[in-house]
Amino acid sequence: WILLDLAAPPRTPVRVLDGIYSGAARLARKSGAAIVGGDMSRGPVLEIHAFAVGQVPKGRAVLRSGARPGDVIFVTGTLGGSLKEKHLSFEPRLAEGVFLRHWATAMIDVSDGLVSDLRHLAEMSRAGALLDASQIPVSAAAWKRKGRRPPLDHALFDGEDFELLFAVPRRRVEAFVAAWRRVFDLPCTPLGFMTSRKGLVELIDANGERTTLTRSGYQHFRSR
């Protein structure tokens, strides 16, 4: 179920508010959820806050702490295009997450950036991670962005991609890839593998050179 809180300036047309609730209810039904309450209040700008609760079968939750050295790291979709593509059109990977309960040893969503969230998973799993730069699925939007940062940099460090980042035991990778392709059209890319270097996230380039990635991804309260 979902609680939906909405704040809006006094001059906001009622049809806009009705449209928000109608759209939210339609998306909730599509996901098998119900909006059961919430709040509406006055505010200087339009804001929408959602709080959702669900259930996981007992003993089937995929935590951040189950990955082991040698597990292969995968990510759904593409990375680095959140500002251009995803904020208004992204659909949560709900069906994919349920499917992955049978395969993943550890999982997290990419909300603060690939490197930051992979580091969280590695630290909780008491392991490290090695990424292959050539395998990272950089989004078309990241390639089109103008600025000094290269596309790969956006894919590594930009937040709010909301894709699923997870680990699969090496012995099960072939069966997992075949099963995924039978069910989903969404790309799912192997990025590298977990290592025994606890808490370290490293990147290997085309020349075989390793770099330890110490930068963090998006941080909401960092001074700019």
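## Strand β6 and its neighbours

How many of the five residues of strand β6 (residues 128-132) are buried? Four of them are, so the strand is largely enclosed by the rest of the structure. Keep in mind that we're looking at a predicted model here.

β6 has a partner in strand β8 (residues 188-195): the two run antiparallel and are joined by four bridges. To find your way along this pairing, look for Ala 129, which stands opposite Met 194 in β8. β6 also pairs with strand β9 (residues 201-204), this time in the parallel sense, again over four bridges. A handy marker for that pairing is Leu 130, whose bridge partner in β9 is Glu 202.

## Helix α4

Helix α4 (residues 114-124) is another element to look at. Eight of its 11 residues are buried, so the helix is largely enclosed by the rest of the structure. Among the buried ones are Leu 114, Val 115, Leu 118, Leu 121 and Ala 122. The buried set isn't just made of those, though: Ser 116, Asp 117 and Arg 119 of α4 belong to it too.

Step just past the end of α4 and you come to Arg 126, which takes a positive phi of about 55°.

## Aromatic rings

The model has 10 aromatic pairs, going by a cut-off of 6.5 Å between ring centres. One of them is Trp 180 with Phe 184: the ring centres are 4.5 Å apart and the planes meet at 45°, so this pair is tilted. For that label, the angle has to be neither under 30 degrees (stacked) nor over 60 (edge-to-face). Both Trp 180 and Phe 184 are buried.

These two rings are also part of a wider group. Ring pairs link Trp 180 and Phe 184 with Phe 74, Phe 99, Trp 103, Phe 166 and Phe 176 into a cluster.

A ring also features in a contact with a charge. The charged end of Arg 170 sits over the ring of Phe 193, at 5.7 Å from the ring centre.

## Glu 160 in its loop

Where do you find Glu 160? Look in the loop between α6 (151-157) and β7 (164-168). Its relative accessibility is 26%, so Glu 160 counts as partly exposed; the buried class stops short of that, as it needs a value under 20%.

For a sense of distance, try Glu 160 against Leu 200: they are 40 residues apart in sequence, and their C-alpha atoms are 22 Å apart in space.

Methods: Residues are numbered from 1 along each chain as its sequence is written. This is a predicted model: local features need pLDDT of at least 70, side-chain atom pairs count only at pLDDT 80 or more; totals for chains, interfaces and linings use all residues. Side-chain values use heavy atoms; hydrogens and water are left out. Rings of Phe, Tyr and Trp (its six-membered ring) pair if their centres lie within 6.5 Å; planes under 30 degrees apart count as stacked, over 60 as edge-to-face and the rest as tilted. Buried means under 20% relative accessible area, exposed over 50%, partly exposed in between (1.4 Å probe, protein chains only). A charge sits over a ring if NZ of Lys or CZ of Arg is within 6 Å of the ring centre and within 35 degrees of the ring normal. Two strands pair if DSSP finds at least two bridges between them.
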